[in-house]
Amino acid sequence: MIDSVSGSNGWQPQRAGRRADRSDSDSGPSAAGGTDLTNPEVQRQIQQLRATDQKVRQHEQAHVSAGGPHAGAPSYQFTRGPDNKNYAVAGEVPIDASPERDPAATIRKMETVKRAALAPPDPSPQDLRVAQQADAAGAQARSEQRRQQAEEEGGGTNGVRNAAAERGAAAYGSAAAIGKTSRVRAVSVSV
């Protein structure tokens with residue numbers, strides 16, 4: 001079961017259910033559902049959930065740190081452990097991967113987007129796709145930049161058009177039309 005509760009300040013764990021009284025169970029410490037928290041199998045599950053939670057949060061924080069102004073706040077998906085606590089098992093960070101008006105600015109932005117996507121030591125398949133998209137958008141922006149430079153330098157003789165520059169401009173226009181926000185995402189780990 002995934003419990004994702006969105007509050008005004010970000011993700012907050014759910015606080016549903018009731019607290020177990022000491023009198024609810026004679027078998028020692030237990031969670032609200034009557035789970036024996038001293039059971040070695042339960043302890044193993046809790047340790048796995050804690051490790052997954054830490055890994056997911058570090059992964060998403062790496063995206064945020066490298067993404068600078070182009071990265072949004074991470075969001076997480078949670079699962080409730082046998083100790084009745086929520087643990088992050090997946091997450092994502094929105095990354096603004098839309099082209100800028102100026103090709104040079106787009107190139108710089110796509111370099112940052114690629115760094116953000118590849119920042120974690122274990123990029124997910126979605127992270128790799130975002131890095132690829134940033135590479136493609138950067139290449140299109142470089143082509144557009146070359147076309148603009150050729151025009152400024154009087155490129156083309158007597159009105160002859162540069163076909164390669166036109167193709168690059170068309171490709172850049174296609175990328176600019178996409179202009180959507182990409183998300184880098186951690187892979188869910190089931191326990």
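## Asp83 and its surroundings

Asp83 sits in the loop between β3 (75-80) and β4 (86-96). The model is predicted. Asp83 is buried, yet this residue has no salt bridge. The nearest side chain of opposite charge is that of Arg50, 4.5 Å away. A salt bridge here requires a side-chain nitrogen of Lys or Arg within 4 Å of a carboxyl oxygen of Asp or Glu, so a pair at 4.5 Å does not count.

Which side chain does Asp83 reach by a polar contact? The partner is Tyr87, and the side chains of the two residues are joined at 2.5 Å. Tyr87 belongs to β4, where Thr79 stands opposite.

## The β3-β4 hairpin

β3 and β4 run antiparallel. Six bridges join the two strands. They form a hairpin, with five residues between them.

Asn84 lies in the loop between β3 and β4. Its phi is positive, about 70°, although Asn84 is not a glycine. Is Asn84 buried, exposed or partly exposed? Asn84 counts as partly exposed because its relative accessibility is 29%. Asp83, in the loop between β3 and β4 as well, is buried.

## Overall fold

The chain has four helices and five strands. Along the sequence, the pattern reads β-β-α-β-β-α-α-α-β. There are 191 residues in the chain, and buried residues make up 34% of them.

Take the contacts in the chain with a separation of 6 or more. Of these, 64% come from residues 24 or more positions apart.

## Nonpolar cores

The largest nonpolar core has 12 residues. Among them are Ala71, Val93, Ile95, Met110, Val113, Ala116, Val130 and Ala137. Three elements each supply at least two residues of this core: β4, α2 (103-117) and α3 (125-152). A second core of six residues is separate. Its members include Val42, Ile46, Leu49 and Tyr87. Tyr87 thus appears in this second core and in the polar contact with Asp83.

Ala116 is one of the residues of the largest core. What does Ala116 touch, leaving aside residues up to four places away in sequence? The list is His63, Ala66, Gly67 and Ile95. Ile95 is also a member of the largest core.

## Salt bridges within helix α1

Side chains of opposite charge can pair when their charged atoms come close. A search of the whole structure finds eight salt bridges.

Glu41 forms a salt bridge with Arg44, with the closest N and O atoms 2.4 Å apart. Both residues lie in helix α1 (residues 40-67). They are three residues apart, about one turn of the helix. Glu41 is partly exposed, at 39% relative accessibility. Arg44 is partly exposed too, at 38%.

Asp53 forms a salt bridge with Arg57. The closest N and O atoms are 2.8 Å apart. This pair also lies in helix α1, four residues apart, again about one turn of the helix. Asp53 is buried because its relative accessible area is 13%. Arg57 is partly exposed, at 33%.

## Charged links around α2

Lys114 forms a salt bridge with Asp135, the closest N and O atoms being 3.1 Å apart. This pair links distant parts of the chain: Lys114 is in helix α2 and Asp135 in helix α3, 21 residues apart. Lys114 counts as partly exposed, at 30% relative accessibility. Asp135 is partly exposed as well, at 37%. Elsewhere, Asp96, Glu100 and Lys109 are joined into one network by salt bridges that share partners.

Where does Glu100 lie? Glu100 is in the loop between β4 and α2. At 32% relative accessibility, Glu100 counts as partly exposed. A polar contact of 2.8 Å joins the side chains of Glu100 and Lys109. Glu100 and Met110 are 10 residues apart in sequence, and their C-alpha atoms are 9.6 Å apart in space. Met110 is a member of the largest nonpolar core.

How values were computed
Residues are numbered from 1 along each chain as its sequence is written. This is a predicted model: local features need pLDDT of at least 70, side-chain atom pairs count only at pLDDT 80 or more; totals for chains, interfaces and linings use all residues. Side-chain values use heavy atoms; hydrogens and water are left out. Buried means under 20% relative accessible area, exposed over 50%, partly exposed in between (1.4 Å probe, protein chains only). Lys and Arg count as positive and Asp and Glu as negative; His and the chain ends are not counted. A polar contact is a pair of N or O atoms within 3.5 Å; within protein, one must be able to donate a hydrogen and the other to accept it, and residues adjacent in sequence count only if both atoms are side-chain atoms. Two strands pair if DSSP finds at least two bridges between them. A nonpolar core is a set of buried Ala, Val, Leu, Ile, Met, Phe, Trp, Tyr and Cys residues joined through side-chain atoms within 4.5 Å. Contact means heavy atoms within 4.5 Å.
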